[in-house]
Structures are given as C-alpha cells and as structure tokens.
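Reader: Hello! I am new to this structure and would love a close look at its aromatic rings and what surrounds them. Could you walk me through that part?

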Amino acid sequence: MALNKNALIRYKTIDKCLQNIYRKWTLDDLITACSDALYEYEGREVNVSKRTVQLDIQLMRSDKLGYNAPIEVYEKKYYRYEHPNYSITDIPITENDMNVLSETVEMLRQFKDFSLFSELGGIIQRLEDKVYTEKTHQSSIIHLDKNERLKGLEHLDVLYQAILKKLVLKISYQSFKARHPSVLIFHPFILKEFNNRWFLVGKNAADKPIITLALDRIISIDYDLEIPFLKEDFDGDSYYESTIGVTVLNEEQLQEVVIKVDHKNAPYVLTKPFHSSQELVEKTPDNGIVFKMKVHLNFELERLILGFGDSIEVLQPRQLRKRIRKKLERALEKY
C-alpha cells in the first residue's frame, strides 16, 4: 500500500499524542496536532479534515499498515491506546522484513572493508543484532549508550529537514545563563552530536560568527520563508578539525598540549586517543607515556583531562597546567 509523506507524518503525530497518557485527546485535538505537525514539517498551512484523521485512526487500527494499533474511545469522546506503552514504532518485524534485513546485512558486509563504506561498520553490526534478537527473541547483544530522557531530541527531524531544504529558522532559545528566552533568526548548517548531547551549528547572519545551539535549550522552532538562506560552503570536518567537543575557539587558543599519563591508564589513551592529532612523544621509565596534540584549550578539553583524576599531568602549555591545578585545588577544598 503506497503511503504519501503527509500520511506518515499524521500517523507519527497521532502515535505521539496517544503515547502521552497524561492528556485526554479528543478528535479535534488530534486534528489540530496533525495540522501543526504538517505545518512544522512542510512550512505551509495544510488543512486536515475530520474525515482524514478518522480514516487514519481506522487504518492504524487495521492490519493494512501492519500496526494493529489498540486505539480505543473512552467516555465517548477521548482517544487513547488500550496498552499505555504501545507505539507504532515498536511493532515487531515481520518474517518478510527479517529476510530482507538479512539479505541487506549480507550485502553490506561485502562492502564494509572498502574505504568508501568504512563508516558502515557499526551500522552493519547493529542491523545484525536487530535481526538476531527478533529471530531468537533473545536479549540484545549490542547495548548502545542512550538517554531516553534527554531533552531536545524531538527537534532533530525538523532541524534535519531545515538543513536539507536550506530553510531559515526562527528559534526561541534560552541558554543556561539567560533569565528569559530570546528569538534568533538562524541559518542552520549541520547537526553535531557530542557526549550524548545534540547541537545545531550555524549563523545569525552573513557577517556574524559561527554559533552553536544546544538542542536541549531550544524551546520552539518556526520558519522564516522571507529570508534567503546564506550561501556558505561550510565544512563541519574542517571547522572541528582542531577541537575536542563543540567549543571552537580563536587561533590564540589553538596550542600544542603535552600530557603525561601513568602506566595504568596509558593503554586507554593509546587505544582511544584524545584527538586525531595525538602523537606519542615518549614512554616513561615507569611504563607511562607522554603524548602531544594540537587543539583548542576549551572547556571540553579541561573536563576530559579532569576525568582522569590523579593519573594524568598537563606538562604544556603553562596556562592550561595552571587552570587544571586551580580546579583540582578547589575540588580538594570540598573534601
């Protein structure tokens, strides 16, 4: 059965509404939610009729889409899932889907060693794991680090589409330091993930510097279709080339950092480098190591160093060494 994009957006929206068990959903509420979602995704008014949403609910209840959603009406006017934890995104994979997935995994495995497909490695293992768990009903072999309560993830789809379609955004944003939210006109370039948090990278205007917005501080997103999107050749790899994390500083803060690590933690640093520029300088007599790298002296670097506690020592530059020492002294005062 062929599905258009608007229908899929409506199904997803209805599903998201019915998962919220703390609100009573009338048919009019679902119509409004679907209309708002279509405007958010398409950037234009779409009139969703009562009949359309009623048909959507019927289809979601049926086997035609494979959902068999247990949608029920209570008090003669409110809609909800009979099973509170149900979601159409959690429906089991059919045997046919399983066969297609298995064939896809086998095909991808043939290409994983080519440099063009080098980034597929983790995806292939995850697909294999999904096929395995569905076929055997065993617990998952691969456990991915995730935070289900992380704020801002609901904006990912909207922001991805805005970047893809080069749309200017009006973002209501409140940083941790601000008392009140402010509205930003924003030209989004890329989405970046770091340390299980997501960030939006872009500009306010052509003559302004690149700025980074945390998705968990975004309150709402709208479009401004009157403003033309900036024509900039932004390359995320180049922009973050000398940065650990997301805080890119000026050239003065880009320095060579020399660090000593004790013998217990040396293997961890060698097998998982701090940064791509990391080079081994020497091995110490006690089987520790000294390494160097050229990076921005930002907050994320400091936090990474502090995470190693007493097993690490900053040798250069002097200003970073002093900053780490002061933080450790202040930390000691708390104990």
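**A look at the aromatic rings**

Author: Happy to! Arg23 lies over the face of Trp25, at 4.1 Å from the ring centre. A charge counts as sitting over a ring if NZ of Lys or CZ of Arg is within 6 Å of the ring centre and within 35 degrees of the ring normal. Lys192 is placed over a ring too: the face of Tyr240 lies beneath Lys192, with 4.3 Å to the ring centre.

A word on the model before we go on. It is a predicted one, where local features need pLDDT of at least 70 and side-chain atom pairs count only at pLDDT 80 or more, while totals for chains, interfaces and linings use all residues. Residues are numbered from 1 along each chain as its sequence is written, and side-chain values use heavy atoms, with hydrogens and water left out.

Now back to Tyr240, which belongs to one aromatic cluster together with Phe189, Phe229, Phe234 and Tyr239. Rings of Phe, Tyr and Trp (its six-membered ring) pair if their centres lie within 6.5 Å; planes under 30 degrees apart count as stacked, over 60 as edge-to-face and the rest as tilted. By this rule there are nine aromatic pairs. One of them joins Phe189 and Phe229, edge-to-face, with 6.3 Å from centre to centre and 75° between the planes. Phe189 lies in strand S4 (residues 182-194) and Phe229 in the loop between strand S7 (218-223) and helix H7 (236-239), so the pair ties together parts that are 40 residues apart in sequence. Here helices (H or I, at least four residues) and strands (E, at least two) are DSSP runs, numbered from the N terminus.

Are these two rings buried or exposed? Phe189 is buried, its relative accessible area being 9%, and Phe229 is buried as well, at 16%. Buried means under 20% relative accessible area, exposed over 50%, and partly exposed in between (1.4 Å probe, protein chains only).

For another buried residue, turn to Cys34 in helix H2 (residues 27-42). Cys34 has a relative accessible area of 1%. Leaving aside neighbours within four places in sequence, Cys34 is in contact (heavy atoms within 4.5 Å) with Arg10, Thr13, Ile14, Val48 and Val53. Of these partners, Arg10 is 24 residues away from Cys34 in sequence, yet the two are 5.4 Å apart in space, C-alpha to C-alpha.
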